[in-house]
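Visitor: I have a structure open and would like to learn how to read it. Could you walk me through some features, one at a time?

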Amino acid sequence: MTRWSAWQPWLTTLARLALVAVWFTAGWPKLLDTEGTVRSVRAFELLPEAMVRPFAYGLPMLELILGALFLIGLGTRLAALLTAALMVMFTFGIASAWARGLAIDCGCFGNTGASVPDPVPGYIKDILRDLGFLALAAFILRRPTSRLSLDARLGLTPIGATS
Amino acid sequence: MTNARTAKSAREKAAELRAEAAKAEARRRTLTITGALVAVVAVIVGAFVLIKTAADNSNGTTSAASSTPANLIQGGYLAGNSTAKVTIEFYEDFMCPACKQAEDDNATQLGAWTKDGTAKVIYHPVAILDRYSQGTEYSTRAANAAAAVINSSPNAFLEFHRLLYANQPAENTPGLTDDQLIQYAVQAGADKAVVEPAVTNQTFKAWTRTATDAFSKAGFTGTPTIVVNGTKVESYAAGAVKAAVDAAAKK
């Protein structure tokens, strides 16, 4: 119990840092290659054309902001909630592309522009990866208290408090 | 005894109340800060989307391109007789190694079909691999150069196209320089005086974006994409393309 209460804030910090890496490596290439992101979003054939560009413009920015929030540890719970929601959305999107027999590259970490003759192994890998990230977000949601965070500094999630 | 107990429970009660008040205060602060964060995130993302959309509308990405190359036929460069029964559309990104492979595999039979009238080929340069040229946007520059050649010296296009594959840069390199693009265009027979400024100023950059967007809107996601009479050929191997052309010619 005491060991856990000492370790848990560090574990949450680790989970936060992992998601910092995820969001920065996902958001940055998408932001740099806007047209590629537009094409990736369109390739899922889920959004009406009028929504494709706004979504493709907004998503990388949101991803980078989430990365920044995890980095400074501000609004950790909110960031974890939004991360979980995005991961559920991505998983649904990829599963849906698979179910509809589309052969696409998810563009998760930027658009590769490659033809994908056999997309299924990629879909499985992408879904498992996103579920892993979802698990990290779920852990943070349950245990938002973390070391090296503004939340703790501001007394929003005081370390040692039982929540 | 009774008094002492009452006093103690009163103290405890006061402490409890204070703790509860502190908890409520912490909750209120968390809610306030979370609410403020939600608003800030929404404003940043929303403003970014609006600015990008406004920029699109002013530079014509989503509307018709301001500068469209002359001599385009069905949106690309036509090789062969426009009345040929079979239409082969070849979507290419000059940075794409598979496109070079497709060119190497198919150049001979495409040339034969356009010559004997079996088929016509429409070449569509697109730019989907800009992120593989270390920021120089080689895919866009090469497609722009191809558009420049079609615009001023269409007869030089096929040779220019061949030269770009013969000298294809590796992915994740800066790609050919503008000067090299101009040099190959001139070597292919293009008019230097017209091609040079079009390459240097990227006159057809907006057209390249529009053409690439049209490619994506048509449901194509990768290059090379070879379409025979409206149907995408699943492989770019010579045999698969020949089978599709033979089938289309028989219909």
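Guide: Sure. Let's begin with a single residue, Ile44(B), which sits in helix α1 (residues 2-59) of chain B. Keep in mind that this is a predicted model.

Visitor: Is Ile44(B) buried, partly exposed or exposed, and why?

Guide: You count C-beta atoms around it, and 20 or more within 10 Å would make a residue buried. Ile44(B) has 15 such neighbours inside 10 Å, so it counts as partly exposed.

Visitor: What is Ile44(B) in contact with, leaving aside its neighbours within four places in sequence?

Guide: Look across to the other chain: Ile44(B) is in contact with Met61(A) and Ile65(A). For a sense of scale within chain B, pick Glu92(B): it is 48 residues from Ile44(B) in sequence, and the two C-alpha atoms are 37 Å apart in space.

Visitor: How does the domain assignment divide chain B?

Guide: It gives domain 1 (1-59) and domain 2 (77-250). The C-alpha centres of these two domains of chain B lie 58 Å apart.

Visitor: Back to the chain contact, then. How many residues does each chain bring to it?

Guide: Chain A puts in 25 residues and chain B 26. On the chain A side, α1 (2-32), α2 and α3 each supply at least two residues, and α3(A) gives the most, with seven. By type, that side of chain A splits into 13 nonpolar, seven polar and five charged residues.

Visitor: How do I describe two helices that pack together?

Guide: Two packed helices are described by the angle between their axes and the distance between the axes. Try α2 (residues 34-43) and α3 (residues 49-72) of chain A: their axes come within 9 Å and cross at roughly 120°. α2(A) and α3(A) are therefore oblique to each other, and the crossing is right-handed.

Visitor: Which residues make that contact between α2(A) and α3(A)?

Guide: From α2(A) you have Thr34(A), Thr37(A), Val38(A), Val41(A) and Arg42(A), and from α3(A) there are Val52(A), Arg53(A), Phe55(A), Ala56(A), Tyr57(A) and Pro60(A). Sorted by type, the contact has seven nonpolar residues, two polar and two charged.

Visitor: Is α2(A) mostly covered or mostly open?

Guide: Mostly covered, with nine of its ten residues buried. Among them are Gly36(A), Val38(A), Arg39(A) and Ala43(A). The buried residues of α2(A) pack against α1 and α3 of chain A, and also against α7 of chain B.

Visitor: Now the backbone. What should I look for there?

Guide: Exceptions, mainly. Most residues other than glycine have a negative phi, and most peptide bonds are trans. Just after α2(A) comes Glu45(A), with a positive phi near 55°. Chain B offers Glu137(B), with phi near 50°, in the loop between β3 (119-125) and α3 (138-152). Another is Asn229(B), where phi is near 45°, in the loop between β4 and β5 (231-232) of chain B.

Visitor: How do Glu137(B) and Asn229(B) count, buried or partly exposed?

Guide: Glu137(B) has 23 C-beta neighbours inside 10 Å, so it counts as buried. Asn229(B) has 16, and therefore counts as partly exposed.

Visitor: And where is the cis peptide bond from Thr223(B)?

Guide: That bond leads to Pro224(B), with omega near -5°. Pro224(B) lies in the loop between α7 (205-217) and β4 (225-228) of chain B.

Conventions. Residues are numbered from 1 along each chain as its sequence is written. Chains are lettered from A and ligands numbered from 1 in the order in which they are written. This is a predicted model: local features need pLDDT of at least 70, side-chain atom pairs count only at pLDDT 80 or more; totals for chains, interfaces and linings use all residues. Helices (H or I, at least four residues) and strands (E, at least two) are DSSP runs, numbered from the N terminus. A residue is buried if 20 or more other C-beta atoms lie within 10 Å of its own, exposed if 12 or fewer, and partly exposed in between; C-beta atoms are placed from the backbone. Axes are lines fitted to C-alpha atoms, for helices over the stretch in contact, and angles run from 0 to 180 degrees between N-to-C directions. Angles under 35 degrees count as roughly parallel, over 145 as roughly antiparallel, 65 to 115 as roughly perpendicular and the rest as oblique. A crossing is left-handed if the near helix is turned anticlockwise from the far one by less than a right angle, and right-handed if clockwise. Two residues are in contact if their C-beta atoms, placed from the backbone, lie within 7 Å. Ala, Val, Leu, Ile, Met, Phe, Trp, Tyr, Cys and Pro count as nonpolar, Asp, Glu, Lys and Arg as charged, and the others, Gly among them, as polar. Domain bounds come from an automatic or database domain assignment.
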